[in-house]
Amino acid sequence: MDPLDPDYDPNAVRPQRVRPPRNQPQPREPAVKVEVPTSVAINNAYRPPPPPPGPPPIHLAWSEHRTADGNLYYYNSVTKESRWERPAEYRPPPPPARPHMSAAAASNGKQAALLQETPAPEKKERPIGIKYLPNTRWAIVWTSLKHEFYYHIETKEAVWEMPDELSELISNLLAEAMGVNLEDYEAQPEIGEVDDHSEDDHDENGEGRGIKRQAEEDDIHIDAKRFRADDAGLSTDASTLDPTQLTTEQKTEHFMALFREKDVSPYSTWDMELPKFVNDRRYTFVDRMKERKEIFDEYCKIRAAELKESQQNVKRDPASVYLALLESETTARTRWDEFQRKFKRDRRFSGFADAGKREALFRAHLADIKERQQSRKKTESKMVREQFMQMPRETRGINLDTVWTALKHDVEQDSRYRAIRSSDEREDLFRAYLKEMKDEVKVERRDRDEVNHKELDRKAREEASLREREAQVRRERARLNKEMSSQRQHLEREEATSVFRNLLVDFVRAPDVRWNDVAGQLERDPRWERCHVLNDTDKEQLFQAHAQHLYDKRVKAFLSAVDGTTDVTTKWDDIRQWVLQDPRARKLAMSNDEEEFEAHLKTTFERHQADRFKSAREGLVELLRENNFLKFHIKQAVVDCRVKALEEGKTDSNEGDEWGYVNFEEVFNVLADDKRYQDLPFPEERDRTVKEYMRDLIRKYRAERGGTVDRTIADHARG
């Protein structure tokens with residue numbers, strides 16, 4: 001919903017948009033109750049007539065309307081089409097040309113120096129809202145500068161002055177919106193407003209022409225003081241307030257303070273003043289829109305009474321009245337004697353008592369008029385020149401070789417041509433246009449060359465990048481080919497190796513066969529050709545590995561027979577007789593020499609026995625490392641020995657004293673239950689290994705400081 005709408009509520013849920021029918025007839029303006037700003041003057045006869053209207057807009061078929069739920073849509077009166085989206089051709093009703101403001105308010109220079117007043121610069125004005133008046137074809141349009149004008153929907157006419165036919169309607173609507181009887185109040189001008197457009201802003205009786213919002217004198221004066229924000233002591237920091245903790249009266253007071261803080265005009269409407277305070281947090285203190293508007297109406301009554309009371313003490317500045325007289329009755333050719341003689345009996349002239357300053361203001365005003373005329377002439381001359389320069393741009397066939405005499409006959413009837421009176425000036429302007437055209441051609445050519453140069457650079461970079469990419473692809477392809485070839489050769493070699501090993505398994509079954517003896521047989525096998533990838537050295541190495549594998553199998557069978565009949569303590573002489581006759585041992589003979597065969601068997605047996613002894617000793621050491629009883633027993637022996645030394649007054653025990661606290665019988669009994677202890681059948685070697693490990697543990701625990709050992713010693717000392 002539009003924030004300018006009287007029923008606008010920021011907390012309300014926005015209704016769903018419903019698409020209007022495609023061929024919806026042109027809607028009639030809704031006869032709604034409109035709150036018209038009270039700043040609109042009911043009778044603006046004192047204003048000068050508006051300037052003649054400009055040319056109408058190009059597209060007047062589209063118009064803006066609202067549905068029953070407040071959604072905007074657009075209607076084409078020609079094609080009978082309606083749509084939600086704003087057409088590109090649609091233009092909102094433009095504000096009419098503003099009437100000339102008072103020169104006293106806009107003047108500068110000497111008058112400003114005399115009055116020490118600086119006029120505010122004019123801002124760009126645009127329409128921001130529209131309200132249709134019931135039972136008429138007129139609407140009120142509000143602008144961004146808080147002005148309003150009247151717009152006729154059918155004729156597209158826009159005027160600042162209120163049409164006579166709307167005077168009674170506006171008065172009734174205004175009185176009804178304020179909830180007052182229009183006959184009970186006097187017409188009052190807006191507080192602080194000094195109209196410099198003419199001297200007739202007040203009639204001879206001092207009665208204002210504009211109808212303003214009034215208040216009853218009996219109770220408003222008291223309420224105005226009661227609702228002042230400073231007297232009420234209200235906090236201006238809305239962020240610290242909690243609406244849930246405020247009473248209804250406190251919420252009303254804060255809402256009143258919001259209006260005063262935002263300087264809300266009591267002579268305006270709710271819709272016009274709403275943008276000033278709608279984003280303030282205090283706006284949400286009052287939930288219902290009806291209550292907000294009631295508080296706003298109460299504030300307007302109170303504030304209007306305050307301003308009326310203060311207006312009675314304000315006197316109009318005689319200098320402003322005199323300047324308004326100068327603005328309306330003087331021209332650049334007016335002489336002081338004539339002006340003084342004509343208006344010497346006028347109160348606007350005689351009210352400004354200082355005769356010397358009166359003439360000085362007159363001189364300053366004339367100088368300002370001349371300065372404005374000169375400025376306007378310069379602006380018009382500049383505009384005429386610019387329009388003349390635009391003329392050859394719109395003429396076809398103009399180039400750098402065109403001469404003025406050829407162009408002159410084609411544009412003689414153009415109003416822009418006749419606006420320049422001097423023929424020499426016309427030709428000079430045309431030459432200036434040719435110079436600009438030449439400069440534009442140079443700039444265009446330079447830009448085109450720059451674009452072409454950039455395009456060539458881009459193509460060169462693309463070609464270089466393409467060449468680099470092609471070289472990179474070639475290198476990558478060569479690498480992949482090399483890897484594929486290497487993998488293929490590797491696979492072929494593995495396949496050939498596997499085939500050759502199968503060939504050896506089929507032909508070579510004894511480890512004493514020589515390569516030269518079996519090579520001829522292998523070559524006659526068809527599988528030999530599949531091993532062409534392997535050279536002679538590779539084949540011989542594979543043969544030697546196969547023969548060694550066969551020999552290792554026979555040795556393993558022999559040692560397995562030895563393990564089944566002997567232990568670690570068995571000597572060679574104990575098994576010599578039956579080993580030499582054992583068929584598994586006979587397979588290890590590489591020749592017919594018996595002495596060499598016996599020496600080879602003895603060496604193999606003794607090496608195997610040494611490995612068995614080493615394995616048994618490693619098993620015993622592993623047992624000692626895994627035995628937690630042994631570790632605890634040695635640690636306790638170290639603790640007991642150190643406690644004994646402390647009891648005897650020594651700082652520490654001597655190394656080796658711990659053996660007296662070790663119970664060897666108990667230790668050996670614990671170890672004897674494990675098979676790894678029995679696998680080493682040499683008691684001396686076994687005891688020596690156990691004692692070496694116990695010695696290492698004693699040294700380890702003696703070196704410890706802190707931890708369990710020292711805590712145990714400290715416990716003994718305290719005991």
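Here are three short exercises, with worked solutions, on the predicted model shown above.

**Exercise 1.** Find where Tyr-74 lies, and decide whether Tyr-74 is buried or exposed.

*Solution.*
- Start with the fold: Tyr-74 belongs to strand β2, which covers residues 72–76.
- Next, take the relative accessible area of Tyr-74, which is 7%.
- Buried means under 20%, so Tyr-74, at 7%, is buried.
- Now look at the surroundings. Setting aside neighbours within four places in sequence, the contacts of Tyr-74 include Trp-62, Ser-63, Trp-84, Arg-86 and Tyr-90.
- Finally, pick out Ser-63: eleven residues separate Ser-63 from Tyr-74 in sequence, and their C-alpha atoms are 5.6 Å apart in space.

**Exercise 2.** Work out which residues form the patch of positive charge on the surface, then place Arg-345.

*Solution.*
- Gather the members of the positive patch: Arg-335, Arg-341, Lys-344 and Arg-345.
- Locate Arg-345 on the chain: Arg-345 sits in the loop that runs between α10 (336–343) and α11 (347–350).
- Check how open Arg-345 is: exposed means over 50%, and Arg-345 has 76% relative accessibility, so Arg-345 is exposed.

**Exercise 3.** Name the residues of the negative surface patch, and say how accessible Glu-440 is.

*Solution.*
- List the negative patch: Asp-439, Glu-440, Glu-444, Asp-447 and Asp-449.
- Find Glu-440 in the fold: helix α15, residues 423–507, holds Glu-440.
- Read the relative accessibility of Glu-440, which is 47%.
- Partly exposed covers the range between under 20% and over 50%, so Glu-440 is partly exposed.

Terms used
Residues numbered from 1 in each chain as written. Predicted model: local features only at pLDDT ≥ 70, side-chain atom pairs only at ≥ 80, totals over all residues. Heavy atoms only, no water. Patch = residues over 30% accessible without salt bridge, like charges linked within 9 Å, V, L, I, M, F, W, Y side chains within 5 Å. Areas by Shrake-Rupley, 256 points an atom, 1.4 Å probe, with all protein chains shown as cover. Salt bridge = Lys/Arg side-chain N within 4 Å of Asp/Glu carboxyl O. Lys, Arg positive; Asp, Glu negative; His and termini not counted. Charge placed at Lys NZ, Arg CZ, Asp CG, Glu CD. Helix = DSSP H or I, 4+ residues; strand = E, 2+ residues; numbered from the N terminus. Buried < 20%, exposed > 50% of the residue type's maximum accessible area, 1.4 Å probe, protein only. Contact = heavy atoms within 4.5 Å.
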